[in-house]
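Here is a short report on one protein model. Look at the structure first, then read on.

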Amino acid sequence: MSPTGGRHFLQIPGPTNVPDRVLRAMSAPTIDHRGPEFAQLTQALLPALGPVFGTTGPVVIYPSSGTGAWEAALANTLSPGDRVLIGETGQFSTLWAELAGRIGVQVEVIPGDWRHGVDPAAVGERLAADTEHAIKAVCVVHNETSTGVTSRVPDVRAAIDTAGHPALLLVDTISSLASIDYRHDEWRVDVTVAGSQKGLMLPPGLGFNAVSEKALAASRSAGLPRSYWDWAPILEANARGFFPYTPATNLLYGLREALAMLAEEGLPAVFARHQRHAAATRAAVRAWGLEVWCADEREHSGSLTAVLLPTGHDADEVRRIILERFDMSLGSGLGRLAGTVFRIGHLGHFNDLTLAGTLSGVQMGLQLAGVPIKPGGIDAALDHLRDAG
């Protein structure tokens with residue numbers, strides 16, 4: 001890679017850029033995680049998490065990746081042999097299904113084309129046919145990071161209700177929390193799964209479960225083996241301001257600062273900012289004459305945009321050129337989309353000029369890679385940013 005000045009542009013859909021405020025907060029000395037100062041940190045931090053999830057209920061924090069939070073959601077609510085229903089929306093829904101199978105859960109997948117979110121009608125039809133209530137949970141990836149498609153969780157909730165089915169609703173918000181409007185309590189989600197490294201503007205290392213009363217009740221009789229992931233000892237320790245394991249203390253400092261930043265901006269403004277940047281990105285892609293991967297106007301992601309290249313052009317080659325020439329990282333195509341799409345992350349600590357710079361690098365990279373595009377993408381994005389400001 002040629003040496004360059006300036007900062008690296010990290011425009012993958014996570015991990016995202018960590019604000020200087022958060023970095024400074026994490027640089028504080030580590031304290032005794034059994035002492036009174038740490039208890040004060042925890043007792044202030046946990047209530048501040050609730051509004052980001054849209055809940056007044058408990059939020060469990062793990063030193064883990066989002067994958068760990070997936071496993072925790074399943075292990076605390078299900079028993080060996082239980083059946084779950086998962087809508088196939090992309091690579092991460094596929095991985096969640098594989099994880100469920102490995103820990104002893106029977107998985108039924110609603111097939112999808114990766115260009116649409118979970119089909120609420122298909123969920124409702126399957127649950128209505130399940131008259132013996134063998135399906136114990138419905139798993140939905142709210143924002144599919146591999147495709148830039150956002151499933152309509154309220155519509156899935158409505159489909160479950162219309163079917164009169166008691167299944168739990170488990171939702172992955174790893175790339176949507178603090179970026180796309182989300183309401184755990186209002187949408188009656190039972191377990192919301194999240195991670196620290198995307199909309200929360202932190203490095204990787206924290207996983208979260210927001211938990212409903214129904215999910216807590218299910219956990220008391222669930223039979224899947226669990227120890228590290230068990231909610232009960234964590235919630236018991238949290239009540240005193242502590243954890244039953246060594247917590248990621250300095251990440252918690254960063255989380256406190258990130259939550260303060262979100263509160264200062266206001267969550268409605270955060271969501272509107274993400275939608276505005278997403279719309280400007282799509283305007284650029286379409287002005288270039290390229291195709292946005294998401295096929296349903298209702299399901300465009302506010303966190304990222306996946307761009308489909310014309311046949312015969314390699315998305316990974318475009319990404320390589322952009323990295324080497326302009327020191328910018330874009331997301332690769334995952335699973336069946338490898339080499340056919342690249343992903344532009346526009347979430348977290350992000351503003352208009354960051355987007356303008358990002359799209360300039362993309363346009364130049366596409367041209368250098370010989371992808372046939374029209375030159376008007378940047379103007380289309382800037383027009384949108386100016387007029388929608």
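## A helix across the strands

This is a predicted model. Start with helix H10, which covers residues 267-287. H10 lies across three strands: E11, E12 and E14. Strand E12 spans 304-308, and the helix runs at about 10° to E12.

## The sheet

Those strands belong to an open sheet of five strands. Their order is E1-E13-E14-E12-E11, and the pairing is mixed. Strand E1 (9-11) and strand E11 (291-292) stand at the edges. Each has a single partner strand, so one side of each is left without a neighbour in the sheet.

Strands of a sheet pair through backbone hydrogen bonds, either parallel or antiparallel. In which sense do E13 and E14 pair? Strand E13 (residues 328-332) and strand E14 (residues 341-345) are antiparallel, and two bridges join them. Along this pair, Gly331 stands opposite Arg343 in E14.

## The cavity

How many cavities of 30 Å³ or more does the model have? The count is one. The volume of the largest cavity is about 40 Å³.

Which residues line the largest cavity? Thr147, Gly148 and Arg282 are among them. So are Val292, Cys294, His300 and Ser301. Leu304, Thr305 and Ala306 complete the lining. Strand E12 gives the largest share of this lining, with three residues. Sorted by class, the lining of the largest cavity has four nonpolar residues, five polar ones and one charged residue.

Definitions and conventions:
Residues are numbered from 1 along each chain as its sequence is written. This is a predicted model: local features need pLDDT of at least 70, side-chain atom pairs count only at pLDDT 80 or more; totals for chains, interfaces and linings use all residues. Side-chain values use heavy atoms; hydrogens and water are left out. Two strands pair if DSSP finds at least two bridges between them. Helices (H or I, at least four residues) and strands (E, at least two) are DSSP runs, numbered from the N terminus. Contact means heavy atoms within 4.5 Å. Axes are lines fitted to C-alpha atoms, for helices over the stretch in contact, and angles run from 0 to 180 degrees between N-to-C directions. On a 1 Å grid over the protein atoms alone, a cavity is a set of points where a 1.4 Å probe fits but cannot get out, and a pocket is an open set with protein on both sides within 12 Å along at least five of seven lines; lining residues have an atom within 4 Å of a point. Grid points are joined across faces, edges and corners, and a volume is the space filled by probe spheres set on the points. Ala, Val, Leu, Ile, Met, Phe, Trp, Tyr, Cys and Pro count as nonpolar, Asp, Glu, Lys and Arg as charged, and the others, Gly among them, as polar.
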